[in-house]
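Here is a friendly briefing to read alongside the structure. Keep the 3D view open and look up each residue as you meet its name.

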Amino acid sequence: MVSNPKDKESAADVCPGGRSELSLEGLRRNFREHLFYTQGRFPRGATKNDLYMALAYTVRDQLLHRWIKSVEQMGRAGLRIVSYLSAEFLLGPHLENNLISLGIYDEFRKTCDVEGFDIQAIFDQEDEPGLGNGGLGRLAACYLDSLATLEIRAMGYGIRYEFGIFDQEIRDGWQVERTDEWLHNGNPWELARPEITFQVGFGGRTEPYEDEHGRYRVRWLPHRIVKGVAYDTPILGYRVNTCNLLRLWKAEAVESFELEDFNVGDYYGAVEQKVASENITKVLYPNDEPLQGKQLRLEQQYFFVSCSLQDMLRIHRIFGGELKHFAEHFVIQLNDTHPAIGVAELMRLLIDENGMDWEPAWEITRSAFAYTNHTLLPEALEKWPIDLFAGLFPRHMEIIFELNRRFLDEVRTRFPGEGERPARMSLIDEHGERYVRMAHLACVGSHAINGVAELHSRLLKETVLRDFYEMMPEKFSNKTNGVTPRRFMVLSNPGLSQLINGKIGDAWVVKPEDLRQLEKFADDASFREEWHRVKLANKQNLARLILERTGIEVDPSSLFDIQVKRIHEYKRQHLNVLHIIALYNRIKKDPSIDLCPRTFIFGGKAAPGYFMAKRIIKLVNCVGDVVNHDPDVAGRLKVVFFPDFNVKNAKLIYPACDLSEQISTAGKEASGTGNMKFSMNGALTIGTLDGANVEIREEVGAENFFLFGLTAEEVASLHRNGYHPLEVYRTNAELQEVVERISSGHFSNGDPELFRPVVDSLLFHDTFMLFADFGPYLEAQRQVDAAYRDPERWTRMSILNTARMGKFSSDRAIREYCRDIWKVKPVPVTLD
Ligand code: NBG
């Protein structure tokens with residue numbers, strides 16, 4: 001990957017008159033060549049996939065020159081490289097995004113239209129790399145986009161899962177999972193780098209020895225070795241030369257081991273070993289399931305972290321860096337605790353493999369790492385049983401024990417007489433079965449710790465990481481999440497983008513504070529009219545897709561009320577359902593009731609093992625079946641479950657939304673990022689004071705946001721003082737009727753059992769306090785109804801939402817990380 005920095009070459013030198021020509025004629029020629037030489041087709045015989053591949057290669061050619069130059073200049077003296085370590089990158093389709101970054105999207109589309117070439121069909125052909133579960137993985141992808149756009153030298157490091165997040169089908173109202181075969185047509189965006197490989201060990205034992213200087217050393221003798229191979233994907237910034245690299249690791253068997261087995265005749269043994277090795281990067285784990293026992297998941301984490309750290313050390317050496325300066329050359333961001341084992345691995349690499357002493361190694365490690373926490377939910381905080389951990393990583397276990405010993409000594413010195421504190425802060429959980437606490441390891445091994453929204457960062461300091469905050473307050477900060485306006489506005493909402501460009505120019509794409517200039521047009525009736533027209537057109541597009549995917553016809557002039565995100569009880573999709581049933585009941589009582597027609601759209605995947613989440617999907621579909629067909633409803637309510645919500649579909653969903661549902665129990669959603677995507681595209685939010693909703697409301701103005709529900713403090717104190725859902729239930733007649741409707745079997749062909757688990761969990765536990773928030777939620781929905789009846793007012797609020805969402809560009813977030821944590825500055829890439 002890293003060539004000699006002295007080389008001066010450009011694409012024109014390598015292939016004169018060649019493929020880096022951005023003119024449409026050049027692209028056309030290049031496309032024909034790829035169709036013939038790469039795909040082996042004449043235009044006549046080309047399939048849609050051939051056309052897609054040829055076009056993707058044509059566009060990739062445009063990236064290569066920038067890419068090589070970026071990589072070459074990556075390690076120049078004095079430049080610090082940001083390494084973003086993440087087990088997930090939810091990238092979404094590349095082709096259109098790259099056309100936009102290159103600045104040729106519009107022209108390109110126009111030419112295709114003129115030539116009668118169905119470019120949309122080719123775009124649709126692209127399978128997205130679904131290498132993530134949801135917000136966390138998508139955030140990583142947005143951050144890569146911003147890092148490149150801001151001309152920061154950065155690498156993303158992750159796992160090249162052969163199967164990404166499963167595809168969701170809905171059969172008879174139930175979620176059915178299908179494996180995601182995103183690679184089956186080939187992936188034109190990646191370059192395999194078979195010469196960049198590292199060996200990663202598992203299991204075995206350790207052995208002390210004396211080195212040549214008579215010093216005590218330890219070596220690890222793994223039982224099994226797996227090879228990691230690099231696959232690189234270019235990440236081009238918007239209208240800049242910087243093209244960073246996302247390096248994903250694929251696991252393969254180590255050949256020499258196989259041969260040994262082969263020589264002694266154990267051919268099948270060798271094959272088994274090969275299969276076992278390759279399993280490591282086979283499949284992404286869908287989250288929300290207890291992971292404690294999942295050995296393969298822990299192997300995945302270590303595998304990609306070890307490859308990535310070895311790669312960083314290699315790059316550091318290539319650029320002539322001394323080991324002791326490693327942390328000046330690299331800063332490593334841990335995206336949640338999934339890569340936290342990196343703390344022990346870097347120590348091992350420095351000490352065991354490079355002969356460094358403990359103290360300097362620790363100094364380097366701590367200065368290199370920084371940690372982002374993405375959740376407060378206790379069940380999502382990773383911990384691994386000691387036996388499992390020590391079995392796989394005996395050397396890392398020793399290192400962690402030693403780290404812990406030193407750390408707890410420090411704790412005791414700092415907080416004498418606080419008997420409980422060391423046990424609370426220990427890297428090892430000693431209550432019952434012993435576990436390694438990954439968040440504690442990440443905190444101890446990092447120089448910076450951050451949450452992802454103001455409220456979340458505050459709660460971190462007050463709750464799960466309180467002890468750490470008290471001991472090292474200087475490490476803590478907040479970095480509110482952001483999303484890229486390139487993908488989520490320019491690409492997803494061309495109509496709105498053009499309307500905005502016509503008024504304020506297009507600098508907002510990289511300077512979203514410019515969007516504020518739209519405020520003054522909120523009072524301009526003709527602008528509002530155009531704004532409304534764009535929204536309507538987006539809703540018509542979504543309505544077409546809904547019809548195609550679900551067979552349900554929806555009315556684009558109705559209020560589009562959308563909740564798309566992973567299905568989870570804390571996100572409270574079922575609270576949304578309770579509201580739908582309440583409206584339905586009102587209609588049943590008085591069919592002539594005047595209410596604003598609404599289309600409720602749900603989307604999101606449930607973890608395959610999450611019983612309640614799957615039941616909630618079924619509930620949405622069953623309620624939809626009844627409501628959509630009841631003649632009393634007369635089409636005023638429609639309920640749609642949009643199958644297989646992913647980055648590709650999201651493109652049509654966010655821009656078509658009127659009302660964005662952000663209704664999690666306060667204190668549970670770390671930030672949310674869908675909330676930002678909706679509001680940027682002119683949706684109004686109905687939401688609780690949770691995650692980034694708090695800041696969104698501050699920005700757009702309380703009068704342009706439908707707020708309801710308990711605060712995080714109220715939720716916590718209600719829990720402490722004993723929350724009794726049945727008491728709420730008894731005092732709210734409408735709630736009783738809603739629950740009764742479900743438990744009577746009205747939505748389940750008379751079967752009262754189907755939804756009993758959902759109903760019982762609400763009546764007797766209601767961990768997420770739906771009942772407590774039910775009344776206020778319905779009241780806020782009444783206000784929504786009233787506001788939507790006044791289209792001028794609604795559109796005004798919609799414009800103000802977009803105008804005031806500049807803060808939530810991922811560029812702002814990345815600038816903060818650069819300034820406060822990574823200490824890096826933009827350095828433009830020169831093409832020579
Ligand atoms: C998720 C949170 C979201 C947040 C994203 C990105 C995990 C562990 N956390 O609220 O639930 O927006 O991270 O920060 O997936």
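Leu99 touches Val59, Ile104, Tyr105, Phe108 and Phe123, leaving aside residues up to four places away in sequence. Keep in mind that the model you are looking at is predicted. From Leu99 we will go on to a strand and then to the ligand.

**Leu99 and its surroundings**

- You can find Leu99 in helix α4, which covers residues 95-102.
- Is Leu99 buried or exposed? Leu99 has a relative accessibility of 0%, so this residue counts as buried; the cut-off for buried is under 20%.
- Among the contacts of Leu99 are Phe108 and Phe123, and Val59 is another.
- For a sense of scale, try Tyr435: Leu99 and Tyr435 are 336 residues apart in sequence, and their C-alpha atoms are 48 Å apart in space.

**Strand β1 and its partners**

- Strand β1 is made up of residues 81-85, and five of its five residues are buried, so the strand is largely enclosed by the rest of the structure.
- Which residues point which way from β1? Ile81, Ser83 and Leu85 point one way, while Val82 and Tyr84 point the other way, and all of them are buried.
- One partner of β1 is strand β12 (residues 330-335), and these two strands pair in the parallel sense over five bridges.
- To see where β1 meets β12, look for Leu85, whose bridge partner in β12 is Leu334.
- Strand β4 (residues 154-159) also pairs with β1 in the parallel sense, here over four bridges.
- On that side, Tyr84 has Gly156 of β4 as its bridge partner.

**The ligand and its shell**

- How many residues surround the ligand? There are 13, and the closest are His374, Asn481, Glu669, Ser671 and Gly672.
- Sorted by character, the shell around the ligand holds five nonpolar, six polar and two charged residues.
- In the side chain of Glu669, an N or O atom lies 2.6 Å from an oxygen atom of the ligand.
- Asn481 also uses its side chain: an N or O atom there is 2.8 Å from a ligand oxygen atom.
- With Ser671, look at the backbone instead, where a polar atom is 3.0 Å from an oxygen atom of the ligand.
- Taken alone, the ligand exposes 380 Å², and the protein buries 86% of that area.

Technical notes. Residues are numbered from 1 along each chain as its sequence is written. This is a predicted model: local features need pLDDT of at least 70, side-chain atom pairs count only at pLDDT 80 or more; totals for chains, interfaces and linings use all residues. Side-chain values use heavy atoms; hydrogens and water are left out. Buried means under 20% relative accessible area, exposed over 50%, partly exposed in between (1.4 Å probe, protein chains only). Two strands pair if DSSP finds at least two bridges between them. Contact means heavy atoms within 4.5 Å. A residue is near a molecule or strand if one of its heavy atoms lies within 4 Å of it. A polar contact is a pair of N or O atoms within 3.5 Å; within protein, one must be able to donate a hydrogen and the other to accept it, and residues adjacent in sequence count only if both atoms are side-chain atoms. Accessible areas come from the Shrake-Rupley method with a 1.4 Å probe; for residues, only the protein chains shown count as cover. Ala, Val, Leu, Ile, Met, Phe, Trp, Tyr, Cys and Pro count as nonpolar, Asp, Glu, Lys and Arg as charged, and the others, Gly among them, as polar.
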